[in-house]
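Let's take a walk through a protein together, one stop at a time. Have the sequence and the 3D view open, and turn the picture as you read.

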Amino acid sequence: MGMKGGNIFSKLILGSTSANIIQQADQPVVVVPENYQYQAMTKIGYATNIESEDIVALNHLRLFADALKAEIVCVHVRQKDKLEDDYKLNILKTAYRHEFPFDSIEFEAVEAEGVVKGLKKYIEEHKLNML
């Protein structure tokens with residue numbers, strides 16, 4: 001689906017129509033920027049706030065990534081000195097590895113003042129093709 005427009009947080013990442021569809025969809029939604037030039041997808045990011053639903057979502061993403069032969073990195077943006085998030089991310093990683101022991105999804109915590117800033121920086125530094 002194409003992307004433009006939006007509201008506060010969603011505007012920073014998505015458009016308002018895209019954000020509404022994502023919230024109401026019962027299937028995964030891929031959002032493509034308006035002027036996107038196709039390139040092979042080799043590295044896909046999954047932004048997590050460390051919720052129990054992440055394992056199901058990562059499994060769906062894994063199937064998509066496998067079809068593209070792309071790697072997945074699960075990224076959590078945490079505030080400075082909020083080390084308990086590292087512990088929670090490790091629990092998510094352990095639970096995922098228990099459920100899917102042969103998968104090679106990477107799990108990383110990134111420290112930033114805000115989620116949007118942290119994700120933008122991570123995308124640029126790690127050359128993600130998709131988030």
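**Rings, strands and a loop**

Searching the whole structure turns up 2 aromatic pairs. One of them joins Tyr 96 and Phe 100, whose ring centres are 4.9 Å apart, with 40° between the planes, a tilted arrangement. Keep in mind, as you look, that this is a predicted model.

How exposed or buried are these two residues? Tyr 96 has a relative accessible area of 0%, and because buried means under 20%, Tyr 96 is buried. Phe 100 has a value of 18%, so Phe 100 is buried as well under that cut-off of 20%.

Now stay with Tyr 96 and look for another ring beside it. The rings of Tyr 96 and Phe 107 have centres 6.1 Å apart and planes at 55°, so this pair is tilted too. Here the pair links distant parts of the chain: Tyr 96 sits in helix α4 (residues 84-99), while Phe 107 belongs to strand β5, 11 residues apart. Phe 107 counts as buried because its relative accessibility is 11%, and the cut-off is under 20%. Put the three residues together and you have one aromatic cluster, formed by Tyr 96, Phe 100 and Phe 107.

Strand β5 also leads us to our next stop. Between β5 (106-111) and α5 (115-126) there is a loop, and Glu 113 lies in it. Is Glu 113 buried or exposed? Its relative accessible area is 78%, and since exposed means over 50%, Glu 113 is exposed. Try finding Arg 78 from here: Glu 113 and Arg 78 are 35 residues apart in sequence, yet their C-alpha atoms are 7.9 Å apart in space.

Arg 78 falls within strand β4 (residues 71-78), which brings us to the strands. Which way do β3 and β4 pair? They pair in the parallel sense, over 5 bridges. To see one of these partnerships, find Ala 47, whose bridge partner in β4 is Val 75. Strand β3 covers residues 43-47 and is mostly covered itself, with 4 of its 5 residues buried.

Finally, follow the chain from strand to helix to strand. Helix α3 (residues 54-68) joins β3 and β4 in making a right-handed β-α-β unit. Turn the model and trace that path for yourself.

Conventions. Residues numbered from 1 in each chain as written. Predicted model: local features only at pLDDT ≥ 70, side-chain atom pairs only at ≥ 80, totals over all residues. Heavy atoms only, no water. Helix = DSSP H or I, 4+ residues; strand = E, 2+ residues; numbered from the N terminus. Buried < 20%, exposed > 50% of the residue type's maximum accessible area, 1.4 Å probe, protein only. Pairing = 2+ DSSP bridges. Right-handed = clockwise from strand over helix to strand, strands pointing away. Phe/Tyr/Trp six-rings, centres within 6.5 Å; stacked < 30°, edge-to-face > 60°.
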